[in-house]
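The following report looks at selected surface, packing and charge features of the model shown here.

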Amino acid sequence: MLKFLISLFSSPAILLGAVAFIGLVSQKGKDATDVTKGTIKTIVGFLIFQIGASTITTTLQSFNVLFKEGFHIHGVIAAPEAATAMAQGKYGFVVALTLILGFAMNLVFARITPFKNIFFTGGHSLFFACVLALILKFEGLNDLWAIIIFGGAILGFCSTALPALCQLFMRKITGGDAQAIGHFNMIGYATSGLVGTLFKKHADETTENIKFPKFLSLFKDFIIGVAIVMLIMFYIATFAAGQVATAKISGGVHWLVFPLIQALTFTAAMSVLMYGVGMFLEEITNAFVAISTKYIPGSRPALDVPTIFPYAPTAVLVGFIGSYAAGLLGIVIMTVFHFSTVIIPAAHICFFSGGAAGVFGNSTGGWRGALAGSFVMGLMLSFLPLLLLPVLQQMGIQGSTFPNVDYNVIGILLKQVFSIF
């Protein structure tokens, strides 16, 4: 039964489907057919979204390999997937129960506090559960249940409260208050929105209204723009890595065809992701109207960052470029000043996190805010992990780290609290 519950609560698609089911049942006038259709559309829409996100991550991981090999940069790759795999291998039981308790405490805190956000990005909750388990174990909490209870409470509170930092900007982005952002870079996104206010007199010059020169008019079509940018980036990395290195990961595809396929696969996955977002977002939002009225008044779903991409798709592209440029600058700074460890930016992290930061910056400062806000986000993703890296390495996490802003800020604060006592 415990394994069943862990598996169930680890699936955000099932969680969202359950929420949609409860919400639809609570609505008057909804018969069994409406409830079934709404529940299935929510689950399938989120699974379509996950398929797109997974494919994007896979293609960008290929890019990371080519970039690292081509430019001979060796260090720690800022990708939480690898770090989580290592953490689960060592502390899987603690991490799983921390995750489940964190979700339960999210509901409790949403019910009893002014923060009414229900966090639905299960992957990020899992990453955060890993970070909390590692830090608490490092600080000497040897009682597994103490780690689970303390870690679950922190995870639940952060899931409820941190989205509130972004809600002012979310109203600007979405034009309403029905949805929150649920992605543990929320301190970073709020920072990006604040950076954007430095350019508030240019707020009307949004990325979506940029008048491109004729030869750049293709970029007004989001999908075409993504395809062109990714083609350029993949071929730069491929030529730098060379034929032999590319052939090792190409699966038998010609080394000059491989980057073409990868870039266009990435673009197709973006189309899939956007379709899935549209499919489940409407259903889950409607369901929450009923849930908030009956069970947790005023609650709203906190959803993954691609749910805001359709509001400013060009800002996503600008944010990706700004964030990745900051990550590359970080490599230069760490190398020049002989840092003991160099943080290598992961392209898929820069795309999702930097892209979302671009949307937030654009909401307050137009294209200037999008570029500046995402650049600041990129610097945070590069330099904040250095502060927690010694802890993670001592706990057996080698060659990777958790780059997200919230993990590192909360982790650093948690370490400071333990140092006092």
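In this predicted model, Phe-4 is exposed, with a relative accessible area of 51%, because the limit for that class is over 50%. Phe-4 has its place in helix α1, and together with Met-1, Leu-5, Leu-8 and Ile-14 it forms a nonpolar patch on the surface, whose joint accessible area is about 480 Å². Helix α1, which covers residues 2-9, supplies the largest share of that patch, namely three residues.

Charged side chains form three salt bridges in the whole structure, and these are listed below with their N to O distances.

| Salt bridge | Distance (N to O) |
|---|---|
| Asp-177 and Arg-171 | 3.0 Å |
| Arg-300 and Asp-177 | 3.0 Å |
| Arg-368 and Glu-205 | 2.7 Å |

Arg-368 belongs to helix α12 (residues 347-383) and Glu-205 to the loop between α8 and α9, so this pair ties together parts that are 163 residues apart in sequence. Through shared partners, salt bridges join Arg-171, Asp-177 and Arg-300 into one network. Within that network Arg-300 counts as buried at 13% relative accessibility, whereas Asp-177 is partly exposed at 35% and Arg-171 is partly exposed at 39%. The link between Arg-300, in strand β4, and Asp-177, in the loop between α7 and β3, connects distant parts of the chain that are 123 residues apart.

Helix packing is described for α13 (residues 385-394) and α14 (residues 405-420), whose axes lie 9 Å apart at an angle of about 60°, in a left-handed crossing. Here Pro-385, Leu-387, Leu-388 and Val-391 of α13 meet α14 residues that include Tyr-407, Gly-411 and Ile-412.

Notes. Residues numbered from 1 in each chain as written. Predicted model: local features only at pLDDT ≥ 70, side-chain atom pairs only at ≥ 80, totals over all residues. Heavy atoms only, no water. Patch = residues over 30% accessible without salt bridge, like charges linked within 9 Å, V, L, I, M, F, W, Y side chains within 5 Å. Areas by Shrake-Rupley, 256 points an atom, 1.4 Å probe, with all protein chains shown as cover. Salt bridge = Lys/Arg side-chain N within 4 Å of Asp/Glu carboxyl O. Helix = DSSP H or I, 4+ residues; strand = E, 2+ residues; numbered from the N terminus. Buried < 20%, exposed > 50% of the residue type's maximum accessible area, 1.4 Å probe, protein only. Axes fitted to C-alpha atoms, helices over the stretch in contact; angles between N-to-C directions. Left-handed = near helix turned anticlockwise from the far one by under 90°. Contact = heavy atoms within 4.5 Å.
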